[in-house]
Amino acid sequence: MNRKKPELLIPASSLEVLKTAVIYGADAVYIGGEAFGLRAKAKNFSSEEMKKGIEFAHAHGVRVYVTANILAHNEDLAGVAEYFQELKEYQPDALIIADPAVFQLAKEICPEIERHISTQANNTNYGTYRFWWELGAKRVVSARELSLQEIREIRDHIPEEMEIESFIHGAMCMSYSGRCLLSNYFTGRDANRGACTHPCRWKYSLVEEKRPGEYMPVYENERGTYIFNSKDLCMIEYIPQMMEAGIDSFKIEGRMKTALYVATVARTYRKAIDDCFQDEELYRKQMPWYLEQISNCTYRQFTTGFYFGKPSEETQIYDNNTYIKEYTYLGTVEEVKEGCYRLQQKNKFSVGEIIEIMKPDGRNVETVVKRILDKEGREQESAPHSKQELYVELSEEAEVYDILRRAENEAC
């Protein structure tokens with residue numbers, strides 16, 4: 001077994017989601033500012049939100065890593081330097097970087113903040129790890145193309161204090177180490193500068209030059225035409241093997257996901273890691289619960305990626321490009337007041353509906369919506385408009401940070 005319990009690293013797209021990640025079990029969260037990260041379409045954090053988020057996480061003993069992992073062009077460098085000067089004030093625990101020039105700027109401007117090397121830097125061998133260590137990196141994120149055996153070999157050839165971070169759950173990019181050119185080619189949005197439009201999940205047809213308008217489907221086999229569409233990584237059943245490989249941080253992908261997704265994966269992996277570290281037999285016994293819970297958030301079928309060897313065609317999805325969605329996120333309890341629960345509504349629900357209260361400790365409590373009131377105290381039969389501030393009376397008790405959700409069992 002690995003020498004220490006691995007860190008659970010959770011993504012956060014907003015201050016709301018960061019708080020959810022912290023409360024539902026993260027050891028660390030990774031976030032992006034409004035520039036220089038690889039999720040330009042995510043909500044991301046304003047300067048004020050980042051300051052508040054870091055303060056909240058630190059107050060709960062949770063670390064915060066800020067992404068600055070674009071592959072920079074000349075025009076980016078001055079802005080990156082200014083950004084790092086700003087980050088000095090907020091004191092995140094680490095910066096996640098891919099570009100050597102950005103790395104050097106971070107080293108010069110805020111040397112007190114740890115530097116972690118992004119998977120975008122294509123880290124596939126122990127020589128690369130040692131190279132970054134000698135330059136001052138504390139941690140390297142392994143390329144997704146590595147097997148567990150290769151990661152074990154890296155651990156054997158790098159300093160003990162150097163950390164390995166590896167993905168354990170989430171969407172898999174179809175390009176090598178995530179460095180994709182399709183988005184830039186089709187739409188002018190550069191995936192390597194944070195603006196990916198996910199063309200790997202579009203449906204493709206073939207057009208012959210002299211027959212415009214005649215669309216012929218592209219078949220890889222009889223099941224369909226989604227030629228790039230990867231399944232999602234899920235290693236919940238292989239935590240002992242990941243610990244034994246010497247991985248220090250288990251990373252969840254999903255910096256554009258909802259609070260419900262983040263709460264579900266954080267809570268499930270938190271319990272699985274704790275159980276496994278305490279007693280592997282207990283972990284095995286609890287496996288049906290982990291599998292049931294992890295299927296409650298949106299996902300695209302599951303694969304173990306490259307961890308046990310080169311993936312086969314079975315890791316691709318050919319028949320559709322949809323997520324499986326079993327629950328709809330209704331809102332997070334923000335305040336308890338006079339027997340009602342204040343929340344910002346995310347999706348429609350109505351008086352009389354049976355919904356669930358999802359709690360950080362692992363419980364899911366079925367409850368009936370008894371009343372819905374707007375912020376002026378007027379009763380309404382349903383909540384049809386998203387982002388409406390509401391007060392909800394339920395048949396069961398809830399607490400701040402509990403999540404309200406509704407079972408759906410449908411694709412989205």
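With which residue does Glu 379 form a salt bridge? In this predicted model, the partner of Glu 379 is Arg 371, and the closest N and O atoms of the pair are 3.0 Å apart. Glu 379 counts as exposed, at 54% relative accessibility, whereas Arg 371 is partly exposed, at 29%.

This pair belongs to a wider set of charged contacts, as the count for the structure comes to 27 salt bridges. One of them joins the side chains of Arg 406 and Glu 353, with an N to O distance of 3.5 Å. The two residues come from distant parts of the chain, 53 residues apart: Arg 406 belongs to strand S21 (residues 403–411), and Glu 353 to the loop between strand S16 (349–350) and strand S17 (354–358). Arg 406 has a relative accessible area of 17% and is therefore buried, the cut-off being under 20%. Glu 353, by contrast, has a relative accessible area of 21% and is partly exposed.

A further salt bridge is formed by Lys 359 and Asp 402, whose closest N and O atoms are 2.6 Å apart. Because Lys 359 lies in the loop between S17 and strand S18 (364–374) and Asp 402 in the loop between strand S20 (389–394) and S21, the pair ties together parts that are 43 residues apart in sequence. Both partners are buried: Lys 359 has a relative accessibility of 5%, and Asp 402 has a relative accessible area of 1%. Elsewhere, salt bridges link Glu 7, Arg 63, Arg 139, Glu 163, Glu 165 and Lys 251 in a network.

Lys 251, a member of that network, also lies over the face of Tyr 30, at 4.5 Å from the ring centre. A charge is likewise placed over a ring at Tyr 327, where the charged end of Arg 405 sits 3.9 Å from the ring centre.

Contacts between rings were examined next. The structure holds seven aromatic pairs. Among them, Phe 131 and Trp 132 are arranged edge-to-face, with 5.3 Å from centre to centre and 75 degrees between the planes. The pair combines a partly exposed residue, Phe 131, at 45% relative accessibility, with a buried one, Trp 132, whose relative accessible area is 6%. The pair formed by Trp 289 and Tyr 290 has ring centres 6.2 Å apart and planes at 80 degrees, so this pair is edge-to-face as well. Tyr 290 counts as buried, at 0% relative accessibility. Ring pairs also join Phe 103 to Phe 131 and Trp 132 in a cluster.

The largest nonpolar core contains 87 residues, of which Val 29, Phe 84, Ile 239 and Tyr 269 touch the most other members. Helix H9 (residues 259–278) supplies the largest share of this core, eleven residues. For Tyr 269, when neighbours within four places in sequence are left aside, the contacts are Leu 8, Ile 168, His 169, Cys 234, Met 235, Ile 236, Ile 239, Ile 252 and Ile 294. Ile 239 thus appears both in this set of contacts and among the core residues that touch the most other members. Another core lies apart from the largest one and has 16 residues, including Tyr 341, Val 369, Ile 372 and Leu 394.

Terms used
Residues are numbered from 1 along each chain as its sequence is written. This is a predicted model: local features need pLDDT of at least 70, side-chain atom pairs count only at pLDDT 80 or more; totals for chains, interfaces and linings use all residues. Side-chain values use heavy atoms; hydrogens and water are left out. Rings of Phe, Tyr and Trp (its six-membered ring) pair if their centres lie within 6.5 Å; planes under 30 degrees apart count as stacked, over 60 as edge-to-face and the rest as tilted. Buried means under 20% relative accessible area, exposed over 50%, partly exposed in between (1.4 Å probe, protein chains only). A charge sits over a ring if NZ of Lys or CZ of Arg is within 6 Å of the ring centre and within 35 degrees of the ring normal. A salt bridge is a side-chain nitrogen of Lys or Arg within 4 Å of a carboxyl oxygen of Asp or Glu. Helices (H or I, at least four residues) and strands (E, at least two) are DSSP runs, numbered from the N terminus. A nonpolar core is a set of buried Ala, Val, Leu, Ile, Met, Phe, Trp, Tyr and Cys residues joined through side-chain atoms within 4.5 Å. Contact means heavy atoms within 4.5 Å.
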